[in-house]
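Reader: I would like to go through this model with you, taking one question at a time and reasoning each answer through. Please begin once the sequence and structure are in view.

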Amino acid sequence: LLKSFISAQPILNILILGRGNNVKELVGFLGENPQLGFKIKIHIEAFNENEIEGLIKNNNIDTMLVTSEFRRDKNLSQHIYKQMLLGVDVLSFAEFYENVFGKIPLDALEESWFLEKIIPKNGFYLFVKRLADIILSLALFVVLIVLFPIIVLLIKLSSWGSVIFSQERVGLREKVITIYKFRTMRSLKNTEAKDSLFEGNELNLGSSQNLSRVFWFGKFLRKTRLDELPQIINVLKGELSFIGPRVEYINLHNHLNKEISYYQIGTIIKPGLTGWAQIHGKNSNTIKDAKERLAYDIYYIKNRSLALDLIIALKTLKTIFTFSGV
């Protein structure tokens, strides 16, 4: 929607004042997508009050994007404010980045950001979401009863082992929960317990060792997300929601907690079967991937609403039906 809107607007000449990986990412993205209507005329990493006015006039700057690092400087803020009085739009880099990418710039995060931005949702939203979870779970329970014999048969024909796979994961406020899924991997040992230890309990979940163990019907179950149908039990129990951050492996969560700042913030709301990060294809196969997923998860936590939940649900259904050929 944003891209449709801004593509119809006149081209805006932008000056970016800031530094960091997120700034470079935005500069590169806008440079590769001129159809969006933004042109980065100047990118400076250090502010010079004697040069800024000349740069703005000589380059016909319409908008300044300023990172929080520079906005906190009182002396610098006075000069930026002066440019605003002269007709230049001064915008928060973080907000602009968020609107373009649909994720939060991790470079801008600090404790005060969460105190200002992460606002508890009202009771009506939480009530409606929980009610929707219960109604949808009961509806899917009927579907599960119909499909269960077929799925059981195909899993048994594909690979030896238990049909239902269970594993402890990290839930709301880091509480340990047990989730249930249809098994999609070949067992390494002749016990269900041993198999559960290897159903993706490594940092690199996309490793060739793990991928090679996914049997043919397991691939179908994963692509269509039918393997997650048994998790309606977790939804009914109130441990999961249909929409929220990904429910994480315990060892992986503990590892990423040490490697990535503010990683725990993803557990302040109930995890979900699908979510904003999931529909963008962001998983935790590597540290870099986990950081990307966190950026999308925080965006969802900050902006979650019934409208956003509906968008996520529709995109998830589109993915399922597209793969299924429906």
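Reader: Leaving aside its neighbours within four places in sequence, which residues is Gln231 in contact with?
Author: This is a predicted model, and in it Gln231 is found in the loop between α11 (216-224) and α12 (232-236). Once the neighbours within four places in sequence are set aside, the residues in contact with Gln231 are Ile179, Tyr180, Lys181, Leu240 and Leu273.

Reader: Is Gln231 buried or exposed?
Author: The cut-off that matters here is that a residue counts as buried under 20% relative accessible area. Because the relative accessibility of Gln231 is 2%, this residue counts as buried.

Reader: What is the relative accessible area of Ala132, and how far apart in space, C-alpha to C-alpha, are Ala132 and Phe242?
Author: Ala132 has its place in helix α8 (residues 123-158). Its relative accessible area is 41%, so Ala132 is partly exposed, the range for that class lying between 20% and 50%. Although Ala132 and Phe242 are separated by 110 residues in sequence, their C-alpha to C-alpha distance in space is 8.8 Å.

Reader: In what order do the strands of the open sheet lie, and which of them are the edge strands?
Author: The open sheet has four strands with parallel pairing, in the order β2-β1-β3-β4. Since an edge strand is one that pairs on one side only, the edge strands are β2 and β4 (89-92).

Reader: By what angle are neighbouring strands of this sheet turned against each other on average?
Author: The sheet in question is the open one with the order β2-β1-β3-β4. With direction ignored, its neighbouring strands are turned against each other on average by 25°.

Reader: Which residues are the bridge partners of Ile16 in β2 and of Ile14 in β3?
Author: Strand β1 (residues 12-17) has five of its six residues buried, and β1 pairs in the parallel sense with strand β2 (residues 38-44) over six bridges. Four bridges join β1 to strand β3 (residues 63-66), again running parallel. The partner of Ile16 in β2 is His43, and that of Ile14 in β3 is Thr63.

Reader: What is the handedness of the β-α-β unit made by β1, helix α2 and β2, and at about what angle does α2 run to β2?
Author: Together, β1, helix α2 (residues 21-32) and β2 make a β-α-β unit that is right-handed. Helix α2 lies across β1, β2 and β3, and its angle to β2 is about 145°.

Technical notes: Residues numbered from 1 in each chain as written. Predicted model: local features only at pLDDT ≥ 70, side-chain atom pairs only at ≥ 80, totals over all residues. Heavy atoms only, no water. Buried < 20%, exposed > 50% of the residue type's maximum accessible area, 1.4 Å probe, protein only. Helix = DSSP H or I, 4+ residues; strand = E, 2+ residues; numbered from the N terminus. Pairing = 2+ DSSP bridges. Right-handed = clockwise from strand over helix to strand, strands pointing away. Contact = heavy atoms within 4.5 Å. Axes fitted to C-alpha atoms, helices over the stretch in contact; angles between N-to-C directions.
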